[in-house]
Amino acid sequence: MARKKQEEPDSIEGGWINTFADLMNLLLCFFVLLFSMSTVDAEKYEQIVQSFTQKINIFDGGDKSVGEGAFVSSGTSQKISMEQFFNEFEESSSDPNQEETSSEILDEESEWEAKKQAELKSKTTAIYDDVSDRAADKKIQDEINVNMDEKYRYVQISLNGAILFDSGSDAIKQSAIGILSKVGDILKVYDKHMIKIEGHTDNVQISGGRFPNNMWLSAARATQVFDYFVSVKKLDPHTLEATGRSEYEPVSDNDTEKGRARNRRVEIKIYTEND
C-alpha cells in the first residue's frame, strides 16, 4: 500500500517582521550606548534641530520633505554635512585641551579684573591725597573729614551739619560760607567728575516748621549746597547731583547726642570714574 505523502505545513506569512524588529532593537541599543558615552553640546544640538527644521523640515511637517523634494534631491549633500558635523562634534568632545582652555580664559578674566581694580585704587588714592593736601593748604582740614570708599569708587568730603545749618533749617549759616567756599575751590579741580551731594539727618523726627519729615529736610539741605556751588562757585551743574538720605545711612549710634551729631552731616562724593 502506498505511503501517504506528508502534508507540508502552511507557510507563516510576514516572518520578516521579527527579523526587522530584532534589527531595530539592536540599532536602538547601539545608539543609546553611543549617546551614553558622549557629551551633549547644547549649541551643536540646537544646530542639528535647526538643520532638520530648515533642510528636512521633519519638525514642522514631515510630508514636505518628500513632496518638496528637499530630502530626496539633496539627500547626499545633507548626509555628507551631517557626517562632517558629527566628526567635528566627536573631535570637540574628546579634545583634552578644552578644560585647559576654559581655565586659561577664567585666569585671564581674573587677571583683567585685578588689574582694573588696581588702576581704580591708584586713581582714587591720588585724588584722596590731592584733596587732603588742598584742604590742609586752605586750613580747613579740621572742619571737614576726607576719606575713601572701601571699593575705591570715590573720595568723600564730610561736613558736620551743625556747622552748616541751624536745627530744622536748610539755610546755610553765614559762618559756614567761608568753609563751603574753600570746599568749592577744591571741587573745581574735579569739575569733570561726577560729584554727588547727600544730606543726612539723625533719627529724631522734626515737628512743625517747613518740612514734614527728615527726608524733606535732608534733601533741602543738599539742594542748598548744590545751589551754592553752581550759582556762586560756578561748578558745572551737569556733573553735580543732590539727594536726601534722611536717617537711613547713619555713621554712628543715634542713642547718644554725640552719635546723633555725627549723623547730621552733608557728604560730597567725588567719583573716580563716571559710569
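The following questions and answers walk through a predicted model of one chain.

Biologist: What kind of model is this, and how are residues numbered?
Modeller: The model is predicted: local features need pLDDT of at least 70, side-chain atom pairs count only at pLDDT 80 or more, and totals for chains, interfaces and linings use all residues. Side-chain values use heavy atoms, without hydrogens and water, and residues are numbered from 1 along each chain as its sequence is written.

Biologist: How many helices and strands does the chain have?
Modeller: Both are DSSP runs, numbered from the N terminus: helices are H or I of at least four residues, strands E of at least two. By that rule, the chain has 10 helices and five strands.

Biologist: In what order do the strands lie in the sheet?
Modeller: Two strands pair if DSSP finds at least two bridges between them. The sheet is open and its pairing is mixed. The five strands follow the order β1-β2-β5-β3-β4.

Biologist: Which strands stand at the edges?
Modeller: An edge strand here has a single partner, so one of its sides is left without a neighbour in the sheet. That describes β1 (144-148) and β4 (240-246).

Biologist: What is the average twist from one strand to the next?
Modeller: Axes are lines fitted to C-alpha atoms, for helices over the stretch in contact, and angles run from 0 to 180 degrees between N-to-C directions. From one strand to the next, the twist averages 20 degrees.

Biologist: Which residue of β4 stands opposite E198?
Modeller: Strand β3 covers residues 195-200. It pairs with β4 in the parallel sense, over six bridges. Opposite E198 in β4 stands T243.

Biologist: Which residue of β2 stands opposite M148?
Modeller: β1 and β2 run antiparallel and are joined by five bridges. Their hairpin has five residues between the strands, and Y152 there takes a positive phi near 60 degrees. The residue of β2 opposite M148 is V155.

Biologist: Which helix lies across β1, β2, β3 and β5?
Modeller: Contact means heavy atoms within 4.5 Å. The helix spans residues 177-188 and runs at about 170 degrees to β2 (154-160). It is α8.

Biologist: At what angle does α9 run to β4?
Modeller: Helix α9 covers residues 214-231. It lies across β3, β4 and β5. Its angle to β4 is about 160 degrees.

Biologist: Which element gives the most to the largest nonpolar core?
Modeller: A nonpolar core is a set of buried Ala, Val, Leu, Ile, Met, Phe, Trp, Tyr and Cys residues joined through side-chain atoms within 4.5 Å. The largest one has 30 residues, and I144, I157, L159, V183, L187 and F229 have the most contacts inside it. α6 (98-137), β1, β2, α8, β3, α9 and β5 each supply at least two of its residues. The element that gives the most, with five residues, is α8.

Biologist: Which residues of the chain does I157 touch, leaving out those up to four places away in sequence?
Modeller: I157 is one of the residues with the most contacts inside the largest core. The residues it touches are V131, I144, N145, V183, L187, V266, E267, I268 and I270.

Biologist: Is F31 buried or exposed?
Modeller: Rings of Phe, Tyr and Trp (its six-membered ring) pair if their centres lie within 6.5 Å; planes under 30 degrees apart count as stacked, over 60 as edge-to-face and the rest as tilted. Three aromatic pairs meet this rule. F30 and F31 form an edge-to-face pair, 5.5 Å centre to centre with 75 degrees between the planes. Buried means under 20% relative accessible area, exposed over 50% and partly exposed in between (1.4 Å probe, protein chains only), so at 51% F31 is exposed.

Biologist: How far apart in the chain are Y154 and Y271?
Modeller: Their ring centres are 5.1 Å apart and their planes at 55 degrees, so the pair is tilted. Y154 is buried at 10% relative accessibility, and Y271 is buried at 15%. Y154 belongs to strand β2 and Y271 to strand β5, and their separation is 117 residues.

Biologist: What is the relative accessibility of S246?
Modeller: S246 is in strand β4. Its phi is positive, about 55 degrees, although it is not a glycine. S246 counts as buried, because its relative accessibility is 2%.

Biologist: Where is K139 found?
Modeller: K139 has a positive phi near 60 degrees and is a residue other than glycine. K139 is exposed, with a relative accessible area of 65%. Its place is the loop between α6 and β1.
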